[in-house]
Amino acid sequence: MTWDWRNKYIEYLNTEKLPSDQKESRALRTKAARFTFTKDGTLFKRMFNGSLAICLGLEDTEYVLREVHEGPCKNHSGAESLVQKVIRAGYYWIDMEKEAKESV
């Protein structure tokens, strides 16, 4: 696996090892409570509605954005609408809003 935003959550969920900085460790514990790591190596984020979204790495985000934005339905929506559709499709990554704006 390549190094990306998911690694700190995966490492914490596997080992429960926290950073030495107290502020950073508190933030990690708080944020990691919404994540689940399965035995097959998939990281999920629990969304506000209770559903689980697959956390994507950098190599998959462009494809998902393109499929939702320009896919079979050809729904050329705005960035905010695009992000909501990606979440409803069951995907999540840390810079969704920024990348959606760049993509649109």
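**Notes on a predicted single-chain model**

1. Read along the sequence, the elements of the protein chain come in the order α-α-β-β-β-α-α-β-α, which amounts to five helices and four strands. The model is a predicted one, and the points below should be read with that in mind.

2. On overall dimensions, the C-alpha trace of the protein chain spans about 45 × 30 × 30 Å along its principal axes. Of the 104 residues in the chain, 34% are buried, and the chain exposes about 7,200 Å², with carbon and sulfur atoms supplying 50% of that area. When contacts between residues at least 6 apart in sequence are considered, 38% of them join residues that are at least 24 apart.

3. On charge, the protein chain carries 17 positive and 16 negative side chains. The centres of these two sets lie 7 Å apart.

4. The aromatic residues deserve a careful look, as a search of the whole structure finds four aromatic pairs. In one of them, the ring centres of tyrosine 9 and phenylalanine 35 are 4.3 Å apart and the ring planes meet at 20 degrees; this pair counts as stacked because planes under 30 degrees apart are classed in that way. The pair links distant parts of the chain, since tyrosine 9 belongs to helix 1 (residues 7–15) and phenylalanine 35 to strand 1 (residues 35–37), with their positions 26 residues apart in sequence.

5. Are the two partners of this stacked pair, tyrosine 9 and phenylalanine 35, buried or exposed? Tyrosine 9 has a relative accessibility of 2% and therefore counts as buried, the cut-off being under 20%. Phenylalanine 35, at 7% relative accessibility, also counts as buried.

6. Tyrosine 9 and phenylalanine 35 also belong to an aromatic cluster, which is formed by Trp5, Tyr9, Phe35 and Tyr92. One member of that cluster, tyrosine 92, has a charged neighbour, in that lysine 45 lies over the face of the tyrosine 92 ring, at 4.3 Å from the ring centre.

7. Threonine 61 is a residue to inspect in helix 3, which covers residues 58–70. Its relative accessibility is 4%, so threonine 61 counts as buried. Which residues does threonine 61 contact once its neighbours within four places in sequence are left aside? The contacts are with Leu56, Trp93 and Glu99.

8. Serine 25 lies in helix 2, which covers residues 22–32, and at 7% relative accessibility this serine counts as buried. With neighbours within four places in sequence left aside, serine 25 is in contact with Leu18 and Pro19. The C-alpha atom of serine 25 is separated by 14 Å from that of isoleucine 10, a residue 15 places away along the chain.

9. Glutamate 16 is worth checking for its backbone, as its phi angle is near 60 degrees, a positive value in a residue other than glycine. Where does glutamate 16 sit with respect to helix 1 and helix 2? Its place is in the loop between these two helices. The relative accessibility of glutamate 16 is 61%, so this residue counts as exposed, the cut-off for that being over 50%.

Key. Residues are numbered from 1 along each chain as its sequence is written. This is a predicted model: local features need pLDDT of at least 70, side-chain atom pairs count only at pLDDT 80 or more; totals for chains, interfaces and linings use all residues. Side-chain values use heavy atoms; hydrogens and water are left out. Buried means under 20% relative accessible area, exposed over 50%, partly exposed in between (1.4 Å probe, protein chains only). Contact means heavy atoms within 4.5 Å. Accessible areas come from the Shrake-Rupley method with a 1.4 Å probe; for residues, only the protein chains shown count as cover. Lys and Arg count as positive and Asp and Glu as negative; His and the chain ends are not counted. The place of a charge is taken as NZ of Lys, CZ of Arg, CG of Asp or CD of Glu. Rings of Phe, Tyr and Trp (its six-membered ring) pair if their centres lie within 6.5 Å; planes under 30 degrees apart count as stacked, over 60 as edge-to-face and the rest as tilted. A charge sits over a ring if NZ of Lys or CZ of Arg is within 6 Å of the ring centre and within 35 degrees of the ring normal.
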